[in-house]
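Student: I'm new to this one. Could you walk me through how the labels get decided?

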Amino acid sequence: MTFNELGISDVILGTIQAAGFVTPTPIQVQAIPIALQGKDIIGIAQTGTGKTLAFGIPLLERVLATKGHALIVLPTRELAIQVDESLRRIGRSLGVRTAVIIGGASMSLQTRDLRINPQVVIGTPGRIIDHLEHRSLNLNQVTTLVLDEADRMLDLGFAPQIRRILEVVPKNRQTLLFSATMPPDIVKIAQTYMQLPLRVEIAPSGTAADKVTQELFIVGKEQKPALLGEILKQYQGTVLVFTRTKHGAKKLTRIVAGMGHTVAEIHGNRSLPQRREALGGFKNGKYRILIATDIAARGIDVTGIELVTNYDLP
């Protein structure tokens, strides 16, 4: 199937093709036609399956057709920036303005961006609430609300902020909710705040990715650094290592650097510029190894990672 068969307007099709997108992914094939009809959707799909375009294309269609606005809520700064970059690739030539409001960045600069009345606002829950409280953000014109990686936002404790956002946006809107799993809290949100949502499920909730070989090593805590060192010798490509805590990520980064590897760290104690430099360096090959807390577990768009290691039980 091609994008031409999904009911997308010619003007959006042109920008999609110009951006280099050729074949839609399964979640895009299933979600886009339904979303273009204005229906609410619960999309169950793993990270990396093309969800951004699955909600981004219908969102841009609706914004251009109705002169309404869209709000996209995501769990992490990195994912917000990444979604903004993807939407700009399609929407910039159409005159669609976006604004990113995330923690760790200047409130005053974000307020300035909001004053130009962007059609699409992309943000993390806490910073969205900050702008609502400062009255620098008005959600009265929102016609499309996207909750992306919804289960992750709940895991991070954002349920009160999400509920507040859902209470503030107009009731007459389209809601697109995407999640990798379907916990009870997601069901509750759907029952309370969505209008007869259709469920689009690409793989059963919580399914492991295809073509990934999984191994488990059971060792004592004191043996883990040496074991990781041996594993890093076996793999020559890029390696992503997850730790449970920020302190653990910092400590392990020093250990791995002492082994002679190029390594960067990304976690909540790092500033936004530091996090962007680490992720950018990992993408462009400056760092072979990236050590992260699970803030990086959703939405890191890096191709060709050879090995992902959970240093601690996730």
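Here are a few questions about a predicted model, with the reasoning behind each label.

Student: Why is Lys-51 called buried?

Tutor: Its relative accessible area is 6%, and buried means under 20%, so Lys-51 earns the label.

Student: And where does Lys-51 sit?

Tutor: Lys-51 is part of helix H3, which covers residues 51-66.

Student: Which residues does Lys-51 touch, leaving out those up to four places away in sequence?

Tutor: Its partners are Ile-27, Ala-45, Gln-46, Asp-148, Glu-149 and Phe-178. To count as a contact, heavy atoms have to be within 4.5 Å, so each of those residues meets that cut-off with Lys-51.

Student: How far is Lys-51 from Pro-26?

Tutor: In sequence they're 25 residues apart, while in space it's 9.6 Å from C-alpha to C-alpha.

Student: Ile-27 came up there; which residues of helix H2 are buried?

Tutor: H2 runs over residues 26-36, and its buried residues are Ile-27, Gln-28, Ala-31, Ile-32, Ile-34 and Ala-35. They pack against H3, along with strands S1 (41-44), S6 (174-179) and S7 (198-201).

Student: What follows H2?

Tutor: Gly-38 does, and its phi is positive, near 85 degrees.

Student: Okay, over to Lys-251: what makes this residue partly exposed?

Tutor: Its relative accessibility is 45%. Buried is under 20% and exposed is over 50%, so Lys-251 lands in between and counts as partly exposed.

Student: Which helix holds Lys-251, and which patch does this residue help form?

Tutor: Lys-251 lies in helix H11, residues 246-258. Together with Lys-221, Arg-244, Lys-250 and Arg-254, Lys-251 forms a positive surface patch. Lys and Arg count as positive, so the patch is called positive.

How values were computed
Residues are numbered from 1 along each chain as its sequence is written. This is a predicted model: local features need pLDDT of at least 70, side-chain atom pairs count only at pLDDT 80 or more; totals for chains, interfaces and linings use all residues. Side-chain values use heavy atoms; hydrogens and water are left out. Helices (H or I, at least four residues) and strands (E, at least two) are DSSP runs, numbered from the N terminus. Buried means under 20% relative accessible area, exposed over 50%, partly exposed in between (1.4 Å probe, protein chains only). Patches are made of residues with over 30% relative accessible area and no salt bridge: like charges are joined within 9 Å, nonpolar side chains (Val, Leu, Ile, Met, Phe, Trp, Tyr) within 5 Å. Accessible areas come from the Shrake-Rupley method with a 1.4 Å probe; for residues, only the protein chains shown count as cover. A salt bridge is a side-chain nitrogen of Lys or Arg within 4 Å of a carboxyl oxygen of Asp or Glu. The place of a charge is taken as NZ of Lys, CZ of Arg, CG of Asp or CD of Glu.
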